[in-house]
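User: I am new to this structure and would like a close look at one part of it. Please begin with the whole and then work inward.

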Amino acid sequence: MKSTEIKEAALKYFTIHGYEGASLSQIADEVGIKKQSIYGHFKGKDDLFLQVLRDAKDTELSSKLTYFQSTLDEAPEQSLYGYLQLVINLFQKNEHLKFWLRMSFFPPAHLAGAITEEVVDLEDQMQVVIEKRFSEWIEKGLIHNSDPSVPALAFIGVVDSILLELVYVNDEKRLYKKLEASWSIFWRGISS
């Protein structure tokens, strides 16, 4: 039980203060233990950070896979636009995704390699899922393209632009203006 509590406290402090600004003392105080007790559960700050990062990755992956599974019967336009809304909502309401995005964009220098591996792994897994959906829609004649990787990569580009807006600006008016502009051009391009 304590490791879960420690990771939840660490998530909070790493999200707010980043790796460098979060201290094991703060995390221990939040949980009501001594700093040394953390070492009974984790090898150190790096181990704790990477475990919190992997939990955040698992939460993001699970949320996105669940979403795509729940929209199997929806038209591509509703499914894809809903996915963009999901990404925005997850960032605004889910501490794991907020942490995941911030650390993937601003990793601690000494952990950048390990974080990059996790980010690329998640992106690769999501690309497979998204390409599979596009392949199904192309087969049904709902999307006009012969290679599912092309619209899938274009869609991932739209998602990435929304993520950049969330991480760097997080101005709702600007975010939705960018979303609507990107979406209308993207959808027109794959549905005509």
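What is the accessible surface of the protein, and what percentage of it belongs to carbon and sulfur atoms? After that, which residues touch the most other members of the largest nonpolar core?

Analyst: This is a predicted model, in which local features need pLDDT of at least 70 and side-chain atom pairs count only at pLDDT 80 or more, while totals for chains, interfaces and linings use all residues. Residues are numbered from 1 along each chain as its sequence is written, and side-chain values use heavy atoms, with hydrogens and water left out.

The accessible surface of the protein is about 9,800 Å², and 52% of that belongs to carbon and sulfur atoms. Such areas come from the Shrake-Rupley method with a 1.4 Å probe, and for residues only the protein chains shown count as cover. Along the principal axes, the C-alpha atoms fit a box of roughly 60 × 30 × 30 Å.

The protein has nine helices and zero strands; here helices (H or I, at least four residues) and strands (E, at least two) are DSSP runs, numbered from the N terminus. Of its 192 residues, 44% count as buried, where buried means under 20% relative accessible area, exposed over 50%, and partly exposed in between (1.4 Å probe, protein chains only). Among contacts (heavy atoms within 4.5 Å) with a separation of 6 or more, 67% join residues 24 or more positions apart.

Now the core. A nonpolar core is a set of buried Ala, Val, Leu, Ile, Met, Phe, Trp, Tyr and Cys residues joined through side-chain atoms within 4.5 Å. The largest one has 61 residues, and Ile27, Phe134 and Phe155 touch the most other members. Helices H1 (2-21), H2 (24-31), H4 (45-70), H5 (76-93), H6 (95-105), H7 (112-139), H8 and H9 (172-191) each give two or more residues to this core. In soluble globular proteins, nonpolar side chains tend to be buried together.

Phe134 shows who the neighbours are. Leaving out residues up to four places away in sequence, Phe134 touches Leu80, Ile143, Pro148, Pro151, Ala152, Phe155, Phe186 and Ile190. Phe155 is also a contact of Tyr83, along with Lys64, Tyr67, Phe68, Met126 and Val159, again with neighbours within four places left aside. Tyr83 lies in helix H5 and is buried because its relative accessibility is 2%. Tyr83 and Ile138 are 55 residues apart in sequence and 18 Å apart in space, C-alpha to C-alpha.

Helix H8 covers residues 149-168, and at 1.5 Å a residue its 20 residues should span 28 Å, which agrees with end C-alpha atoms 28 Å apart. The expected span is 1.5 Å times one less than the number of residues. Asn170, which follows H8, has a positive phi near 55°. In the loop between H7 and H8 is Gly141, which counts as partly exposed because its relative accessible area is 44%. Gly141 and Ser191 are 50 residues apart in sequence, with C-alpha atoms 9.7 Å apart.

Two serines give a contrast to the buried Tyr83. Ser104, in helix H6, is partly exposed, with a relative accessible area of 24%, and beyond four places in sequence Ser104 touches Ile115 and Val119. Ser3, in helix H1, is partly exposed at 27% relative accessibility. Outside its neighbours within four places in sequence, Ser3 is in contact with His41 and Phe42.
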